[in-house]
Amino acid sequence: SQQFIMGPKVEAFEKAVCDYTGSPHAIGVSSGTDALLIVLMALGIGPGDAVITTPFTFFGTAGSIARTGAVPVFVDIDERTYNISPAALRRYLEGCRLTPEGRPVSPGGQVIRALMPVHLFGLCAEMDEIAAIAKEYKLPVIEDAAQALGAVYPSKTGPKQAGAIGDFGCYSFFPSKNLGAFGDGGMVVCRDAAMADTIRALRNHGGERRYYHRMIGGNFRLDALQAAVLNLKLPHLDSWSAGRQRNAALYRKEFANGGVDQIVTLPHEPYAGSGMQNHHTFNQFCIRAPRRDELIKVLEAKQIGHAIYYPLPLHLQECFAYLGYRQGDFPVAERAATEILALPIYPELTPDQIAEVAAAIRDFYC
Ligand SMILES: *Cc1c(COP(=O)(O)O)cnc(C)c1O
């Protein structure tokens with residue numbers, strides 16, 4: 001058709017994501033990072049503002065906040081889920097002074113404008129608690145669901161799809177995500193029709209009418225080729241997630257053998273009792289491994305794939321030195337960064353391969 005960018009394939013994919021997630025509006029964009037950025041732009045967040053997020057996430061989460069001119073404010077994570085701790089979030093906000101309109105202000109003097117929880121590794125953050133805090137402080141919730149399309153959160157008000165719980169949800173179709181494109185791609189979902197219109201305009205330089213600009217946007221458009229690929233792949237997402245869950249269960253069984261599960265910490269599945277199939281979609285299967293860096297040498301020698309998500313928490317990144325954080329500020333995230341280790345989990349992995357990975361780790365410890 002020679003329609004390389006946007007057009008009917010993108011519209012069809014947006015509709016498919018609406019149907020899949022139960023979101024009223026979906027806007028295809030150029031990447032997961034741009035999805036986060038465009039939402040912040042649509043909210044008018046910029047210099048003088050702050051957005052609260054987790055220090056234990058992919059760089060793009062906090063990078064998008066900083067790129068608007070706002071300040072990323074970090075609060076520590078939960079030891080077991082690796083997601084932002086609602087208790088730490090509440091503690092932080094209770095320590096903030098409020099503007100006359102009741103908006104919390106950071107100690108640095110920035111007005112807190114939004115919460116950006118991340119559903120890390122395919123497990124939803126504790127959204128009921130986060131939503132209650134957001135409501136109390138009148139803050140919009142932007143879910144970074146880049147790793148969690150398809151994950152279901154058992155809310156007190158019924159099961160909800162990751163990204164469709166808060167005010168905005170952001171997905172990534174980077175090839176390593178559970179739904180990967182043949183290149184970069186992303187999506188915003190939201191509830192509010194006016195916000196959806198603003199985001200749609202911002203995606204194409206902010207012009208609602210061609211060559212007339214009320215706002216400054218950017219080139220955040222999605223390629224039709226990526227949308228065509230994603231349209232074909234989306235119907236398989238749940239079966240791929242089931243494959244990842246099957247593999248996770250196999251690892252659990254293998255690690256019980258010889259008591260390795262007493263030495264390494266396996267992923268926590270807090271919503272396993274919810275009856276929801278996709279309570280964890282295992283974009284990554286991360287264990288906590290004592291003497292991790294020695295173990296990695298063994299895995300390397302045996303050519304077993306592995307990765308560290310993430311070796312350095314965001315508050316300690318060089319580019320964020322100006323924020324003034326120090327080692328020790330977020331001990332839970334810092335400890336996780338020294339022990340975390342991702343093992344192969346992709347759906348096509350065979351039981352023999354899982355046994356081989358587990359055996360290599362068992363031999364190392366036992
Ligand atoms: C991958 C990822 C992003 C960024 O998505 P891109 O499509 O790579 O820009 C943002 N946040 C998290 C948590 C991610 O895993």
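## Strand pairing

How many residues lie between strand 8 and strand 9 in the hairpin that they form? In this predicted model, two residues separate strand 8 from strand 9 in that hairpin. Strand 8, residues 152–155, and strand 9, residues 158–161, pair in the antiparallel sense over four bridges, and within this arrangement Tyr153 stands opposite Lys160 of strand 9.

A parallel pairing is found elsewhere, where strand 2 (residues 49–53) and strand 6 are joined over five bridges. Strand 6 spans residues 111–116 and is mostly covered, with five of its six residues buried. In this pair of strands, Thr53 of strand 2 stands opposite Met116 of strand 6.

## The loop at Thr54

Thr54 is placed in the loop between strand 2 and helix 3, the latter comprising residues 59–67. Because its relative accessible area is 1%, Thr54 counts as buried, the cut-off for that class being under 20%. Its side chain reaches the backbone nitrogen of Phe56 at 2.8 Å.

When neighbours within four places in sequence are left aside, the contacts of Thr54 are Phe74, Val75, Ile77, Ile84, Met116, Val118 and Leu314. Met116, which appears in that list, is also the residue of strand 6 that stands opposite Thr53.

## The ligand and its surroundings

There are 14 residues around the ligand, and those that come nearest are Gly32, Thr33, Asp144, Ser172 and Lys177. Sorted by class, this shell holds four nonpolar, eight polar and two charged residues.

Three side chains can be described by their distances to polar ligand atoms. In the side chain of Asp144, an N or O atom is 2.7 Å from a nitrogen atom of the ligand, while an N or O atom in the side chain of Ser172 is 2.6 Å from a ligand oxygen atom. For Lys177, a polar side-chain atom lies 2.6 Å from an oxygen atom of the ligand. The ligand taken alone exposes 380 Å², of which the protein buries 93%.

## Helix 5 and helix 6

Helix 6 runs over residues 193–203, and its buried residues are Met195, Ala196, Thr198, Ile199, Ala201, Leu202 and Arg203. An α-helix has 3.6 residues a turn, so residues three or four places apart point the same way. The buried residues of helix 6 pack against helix 1 (8–21), strand 1 (25–29), helix 2 (32–42), strand 10 (168–172), strand 11 (186–190) and strand 12 (207–209). At the N-terminal end of helix 6, Asp192 acts as a cap, with a side-chain oxygen 3.2 Å from the backbone nitrogen of Ala194.

In helix 5, which covers residues 127–136, the buried residues are Met127, Asp128, Ile130, Ile133 and Ala134. The cover over these buried residues includes helix 4 (86–94), strand 6, strand 7 (142–144) and strand 8.

## Asp293 in helix 9

Asp293 lies in helix 9, which spans residues 292–301. Because its relative accessibility is 46%, Asp293 counts as partly exposed, a class that falls between the cut-offs of 20% and 50%. The side chains of Asp293 and Arg292 are joined by a polar contact of 3.0 Å. Asp293 and Thr338 are 45 residues apart in sequence, and their C-alpha atoms are 8.8 Å apart in space.

## Backbone geometry

Most residues other than glycine have a negative phi, and most peptide bonds are trans. Against that background, a few backbone values can be listed. Met6, in the segment before helix 1, is not a glycine and yet has a positive phi of about 60°. Tyr82 is likewise not a glycine and has a positive phi of about 70°; its place is in the loop between strand 3 (71–74) and helix 4, and because its relative accessibility is 5%, Tyr82 counts as buried.

Positive phi values also follow two of the helices described above: Lys138, just after helix 5, has a value of about 55°, and His205, just after helix 6, has one of about 65°. Finally, the peptide bond from Tyr309 to Tyr310 is cis, with omega near 5°, and Tyr310 lies in the loop between helix 9 and helix 10, the latter comprising residues 331–339.

Conventions: Residues numbered from 1 in each chain as written. Predicted model: local features only at pLDDT ≥ 70, side-chain atom pairs only at ≥ 80, totals over all residues. Heavy atoms only, no water. Buried < 20%, exposed > 50% of the residue type's maximum accessible area, 1.4 Å probe, protein only. Pairing = 2+ DSSP bridges. Near = heavy atom within 4 Å. Polar contact = N/O pair within 3.5 Å; in protein donor to acceptor, adjacent residues only side chain to side chain. Areas by Shrake-Rupley, 256 points an atom, 1.4 Å probe, with all protein chains shown as cover. Nonpolar A, V, L, I, M, F, W, Y, C, P; charged D, E, K, R; others polar. Contact = heavy atoms within 4.5 Å.
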